[in-house]
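User: Please take a close look at the surface near DNA strand C, and set it beside the other surfaces that belong to the same picture.

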There are 2 protein chains.
Amino acid sequence: MGIMSTIRDVARIAEVSTATVSRVINSPEKVSRETRENVYQAMRLCHYTYNALARGFATRRSHSIGLIIPTITNPIFAESTRGIQDVADEYGYHVIIGNSDYQYKQEERLVAVLRERQVEGFMITTTDLRGKVISSLLHERFPLVLLYSTVRKGGISAVGVDNFKGGFRATEHLVSRGHRRIGMLAGKFSFSDRSYHRWYGYRNCLKKYGISYDPQLVVQSDYSLASGRNGAVRLMNLNNPPTAIFCANDYIALGAMEGARQMGLSLPDDLSIVGFDGIKIGSFITPNLTTILQPAYEMGKVGTQVLLNQIQQKIKKPVHILLETQLIERQSTTRPKASH
Amino acid sequence: MGIMSTIRDVARIAEVSTATVSRVINSPEKVSRETRENVYQAMRLCHYTYNALARGFATRRSHSIGLIIPTITNPIFAESTRGIQDVADEYGYHVIIGNSDYQYKQEERLVAVLRERQVEGFMITTTDLRGKVISSLLHERFPLVLLYSTVRKGGISAVGVDNFKGGFRATEHLVSRGHRRIGMLAGKFSFSDRSYHRWYGYRNCLKKYGISYDPQLVVQSDYSLASGRNGAVRLMNLNNPPTAIFCANDYIALGAMEGARQMGLSLPDDLSIVGFDGIKIGSFITPNLTTILQPAYEMGKVGTQVLLNQIQQKIKKPVHILLETQLIERQSTTRPKASH
DNA sequence: TTGTACGCGTTATCAC
DNA sequence: GTGATAACGCGTACAA
């Protein structure tokens, strides 16, 4: 590592002032060609490397944003995170990630830590839309964009999808295939508004088509493969099991498929399954997973653009963007074997 | 946002010096209970929040480490990244991620950018073990840990797995099942030493069992689902197609499985497939994927511990750790249909 | 136990 | 076009 050289060292060697060195770095055109070359030379001589942290300190801009997600290990969040990183990188920002594991306490802690680190704004996939974390950020007018949530109005900017509509369409797709007994493996409502909205779409769809709601057919679970497997087993062991299941995310859906198979069921004939997310792997398994596609990468990109605009005060008012989800009909859904 | 208050403000309100406030923050036990309470009170009064960036500037420690991986969207890297984040978090560090997309130029750029940001060390899953990026870091004795590579000696610390052995065992497993015509969907050698080592293990295993090496049976491809599908189709369209394929990672393997199915082949009877990684999804598809498990999360954790020790100068000498891979025999491999 | 004074590397505001 | 110098918020000798 050794000693870092500073603009002072460079200035001394090039026999100019530190101000000039700084100018060479930040606006070379304001410096005469001669001194400029001179300074570059000096930089090379003492192996100068720019200290972006010191700049941040002087300008009071960290050029970093905080990102809080449930966990980077879920491919859907990895996808949106990549979108965020790509845009941030483009604008000279970097991203500090915090994994909340769907726990509000963690979310709270992470926000505090990242604020100490002087992030200029937050992108949050929150566990509690009405919690204090969000409201106090809002109250301070701290730059903030919510990701994945369905938010149409209010003081908080959000880039998400219509989770209600997504849940509705997933269910409607099953109904249109002739299913009447439709289960749902829902994410825990305590995890987020998204879990609730997807379920609410499911429920409203049933109502619209005159199918009575049976609480037995709804299981709240973790957003994990294992939970999906367990949930499916539980539903299919009911006296009157469903002929189709809507799963709140693709991980649950893939788990459910495996659970059903382990019970000796054949897919999709014995059981139709719809997921939610549209992770890539879904089209690489058999049967290919029918799902509601969220444009995650795009969401990350758009969200970051909104946040950066907000940080640079280019926009003052909150913006609410709902990206379109898309029903991808693949092979995991079909007509029920014995539609009565 | 409003004006941030500093320790000066707190000092003024509490009628103490800034040094005392600083002490209250960093070593409260060195301050009398009375003044301490007094200071806390003042902090609350002016909504003081600690500025970790300023501390970093003053102490010349950013408390951040740089992480360079091919892409966070590959679950195996998401997994190790989570391990890194968890340990870093525990020690008050944060992680800045750079995605190289397996491109050396990107890797080079990212290292430069992160160095400007004063990261205290790097964890790199490198594209080129012998490239200048690594060697100059090493030359400067800049804290650095290589991840995923097979490195047994030399000046660079590394936490990885024995990719050669992994490739060997994957192939040997197929041989033990009676396969003689074994293809490989290898990662591009230009991507990394890991690609090469896995292939080298494959090749040596063939040799050991007296199976002649047929270049036709080896395809170098991207580490992606789509490439796996295409590669499998290409191999299975050969005049004399393989009865089994060893895939350089699980994504390629899952893609290959789907490609084979699309050709009307039935798995595993018509084609056995082994992957490499052990991503979770592998045990949730049918047939479950036989694979070489890398302990990714663990690798991230251990790697970070090594790096932090190195940063804190607790260790001076490079350490080389090879974690054990494990052959997970599942359903995607069986005996060839017509072993001749 | 507490206070004073300076340094960290850069930017920004004046002068010249 | 260039230079001198005061911030920026905190840590830390050293002194009291």
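Analyst: In this predicted model, the surface near DNA strand C is made up, by class, of 13 nonpolar, 11 polar and four charged residues. There are 28 residues around DNA strand C, and those that come nearest are Thr6(A), Ser22(A), Asn51(A) and Ala58(A), together with Ala19(B). On the chain A side, helix H1 (7-14), H2 and H4 each give two or more residues to this surface, and on the chain B side H2 and H4 do so.

Turning to the other strand, DNA strand D has 27 residues around it, of which Val16(A), Ser17(A), Ala19(A), Thr6(B) and Ala58(B) come nearest. Here at least two residues each are supplied by helix H2 (18-26) and helix H4 (52-59) of chain A, as well as by helix H2 (18-26) and H4 of chain B. The residues of the surface near DNA strand D divide into 13 nonpolar, 11 polar and three charged.

The two protein chains also meet each other, with 41 residues of chain B in contact with 40 residues of chain A. On chain B, the elements that give two or more residues to the side touching chain A are helix H4 (52-59), helix H5 (75-90), strand E2 (94-99), helix H6 (104-116) and helix H11 (250-262). H5(B) provides the largest share of that side, six residues, and by class the side of chain B that touches chain A has 17 nonpolar, 14 polar and 10 charged residues. H4 of chain B thus appears in the list for the side that touches chain A, and also among the elements for DNA strand C and for DNA strand D.

Note on methods. Residues numbered from 1 in each chain as written. Chains lettered and ligands numbered in written order. Predicted model: local features only at pLDDT ≥ 70, side-chain atom pairs only at ≥ 80, totals over all residues. Contact = placed C-beta atoms within 7 Å. Helix = DSSP H or I, 4+ residues; strand = E, 2+ residues; numbered from the N terminus. Nonpolar A, V, L, I, M, F, W, Y, C, P; charged D, E, K, R; others polar. Near = placed C-beta within 6 Å.
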